[in-house]
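User: I'm new to this structure and would like to learn how to read it. Could you take me through it one feature at a time?

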Number of protein chains: 2
Amino acid sequence: MASIKANARKVICIGRNYADHVKELNNARPKQPFFFLKPPSSILPPNSGPCLRPRGIKLHYEVELALIISKNVKDLGGSDEKGAMEAIAGYALGIDMTARNAQDEAKKKGLPWSIAKGFDTFLPMSDYISKSSIPDPHDVELYLSVNDEVRQSDSTGLMLFRIPRQLSEISRVMTLEKGDVVLTGTPKGVGEVRAGDVMTAGIRVGGKELKEGNMRVA
Amino acid sequence: MASIKANARKVICIGRNYADHVKELNNARPKQPFFFLKPPSSILPPNSGPCLRPRGIKLHYEVELALIISKNVKDLGGSDEKGAMEAIAGYALGIDMTARNAQDEAKKKGLPWSIAKGFDTFLPMSDYISKSSIPDPHDVELYLSVNDEVRQSDSTGLMLFRIPRQLSEISRVMTLEKGDVVLTGTPKGVGEVRAGDVMTAGIRVGGKELKEGNMRVA
Ligand SMILES: [Mg+2]
Ligand SMILES: [Mg+2]
Ligand SMILES: [Mg+2]
């Protein structure tokens, strides 16, 4: 659905939200959620071509559950489960593609992550997933395979900071607007893809496949 | 004009683009332009209330010339002056408000700048300035006073990387879209503002005042 891209004014990504992923990148476990922006121009809707690896870039995948925001939200309470659920219009599956070598260099130099996270096609997304098809966003399985080899497969129940807390932290800084996209963090197993690789990402609810898609890297 | 905010899908800010400003913050002079994103939700249109200082935040101003993008632009050449001018629909004056202590901490920890740069009201902007009223964007004077004391006042001729190069670097990473806003960097003289301070920012062309506005901090 092109409209996720058309309607997004900002894309906010939670970093380091699964303990085993924090460890695999030798990062510090955050005391509170932190986040960064990807530009809406980086969204790659289904069937709109390959994910492009920029020259000289070590391209990493990070499969994530995406929330599509339903309305303007400001200063949500950190344990306001009802408010958080009302702020969600629906879901999608997203892959937070990352120029890992550029990000590593930015981290070392204290520079922003925007370039490392913001190239065109760096956010392959699924079609819209209706809210009713995910009874509990903290109980779905995300997975990602590369050339049919499973690399990521974990439950969103492993999130360090749950969705109400994420939306609270974001909305105390920047007003969430209708159509905004929130990526909720990636489980362990991130890694590199190269030209010609095919990523298959999907989401299961109660053991049942809800959405699956392929994405070629070029 | 609310429409600058309504039409912006992304706001891209060039960092460290004036030599004396690089020095005053003890930063390294960049070998190539780098940039970061502010969310469109941070734009504060004229006459829409004060600029808000979040609790515990050391709030800094950075006056900048803003470009409003005219059309989709990708892979612009670095010395394509004509292409760059065609990509500009008009101008505005912007203040890239920055949570300096949060940014300093992010830099130290290798974390993204999005929070330090992205709070609501962190981008006070002027009305739209027509393209014809600025014959040469590299020859205008930007200034900013706090409580009538001049703090920043320099020519855009001092930019380390000129506008074509900026748009080239951005558009090789992320497609520029119609309505996007580009902040071109701040001259020396940045500093702190506190509740009750009034910032006056303006732009002069050929010694003549083109646009001036006041902004209260709360
Ligand atoms: Mg950033
Ligand atoms: Mg991620
Ligand atoms: Mg700035």
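Analyst: Let's start with metal sites. Donors are N, O and S atoms within 2.8 Å of the metal (3.2 Å for Na, K and Ca), and water is not among the atoms, so sites may look incomplete. Here the magnesium ion (ligand 2) has the protein donors Glu62(A) (OE), Glu64(A) (OE) and Asp96(A) (OD), at 2.0 to 2.1 Å. Some ground rules: this is a predicted model, where local features need pLDDT of at least 70, side-chain atom pairs count only at pLDDT 80 or more, and totals for chains, interfaces and linings use all residues. Residues are numbered from 1 along each chain as its sequence is written, chains are lettered from A and ligands numbered from 1 in the order in which they are written, and side-chain values use heavy atoms, with hydrogens and water left out.

User: How are the donor residues of the magnesium ion (ligand 2) spaced in sequence?

Analyst: They follow E-x1-E-x31-D. Glu62(A) sits in the loop between strand E4 (59-61) and strand E5 (63-69) of chain A, while Asp96(A) sits in the loop between strand E6 (88-95) and strand E7 (98-99), so this pair links distant parts of the chain, 34 residues apart. As for the element names, helices (H or I, at least four residues) and strands (E, at least two) are DSSP runs, numbered from the N terminus.

User: Is Glu62(A) buried or exposed?

Analyst: The scale is this: buried means under 20% relative accessible area, exposed over 50%, and partly exposed in between (1.4 Å probe, protein chains only). Glu62(A) is buried at 5%, and Asp96(A) is buried at 0%.

User: Which residues are the protein donors of the magnesium ion (ligand 3)?

Analyst: Those are Glu62(B) (OE), Glu64(B) (OE) and Asp96(B) (OD), lying 2.0 to 2.2 Å from the ion. Glu62(B) is buried, with 5% relative accessible area, and Asp96(B) is buried as well, at 1%.

User: What about salt bridges?

Analyst: Side chains of opposite charge can pair when their charged atoms come close. The rule used here asks for a side-chain nitrogen of Lys or Arg within 4 Å of a carboxyl oxygen of Asp or Glu. Over all chains, the search finds 38 salt bridges. Asp96(A) takes part in one with Lys117(A), the closest N and O atoms being 3.0 Å apart. Lys117(A) belongs to helix H5 (residues 114-118) of chain A, and Asp96(A) lies 21 residues away in sequence, in the loop between E6 and E7. Lys117(A) is buried, at 1% relative accessibility.

For another case, look at Glu141(B) and Arg204(B), whose side chains meet at 3.2 Å, N to O. They come from strand E10 (residues 141-146) and strand E14 (residues 198-205) of chain B, 63 residues apart. Glu141(B) is partly exposed at 26%, and Arg204(B) is partly exposed at 23%. Back in chain A, salt bridges that share partners join Lys38(A), Glu62(A), Asp96(A), Arg100(A) and Lys117(A) into one network.

User: How do I read strand pairing?

Analyst: Two strands pair if DSSP finds at least two bridges between them. Strand E1 (residues 11-15) of chain A runs antiparallel to E2(A), joined by five bridges, and Gly15(A) stands opposite Phe34(A). Five of the five residues of strand E2 (residues 34-38) are buried, so the strand is largely enclosed by the rest of the structure. Phe34(A), Phe36(A) and Lys38(A) cover one side, with Phe35(A) and Leu37(A) on the other.

User: How do the two chains meet?

Analyst: The size of an interface is often given as the accessible area lost when the parts come together. Buried area here is what two parts lose on being put together (1.4 Å probe), summed over both. Chain B and chain A bury about 2,600 Å², 61% of it on carbon and sulfur atoms. Arg9(B), Pro112(B) and Val173(B) lose the most area in chain B, together 22% of what that side buries. Counting contact as heavy atoms within 4.5 Å, 30 residues of chain B and 31 residues of chain A take part.

User: How many salt bridges does the rule find across the interface of chain B and chain A?

Analyst: It finds two. Lys74(A) forms a salt bridge with Asp120(B), the closest N and O atoms being 2.8 Å apart.
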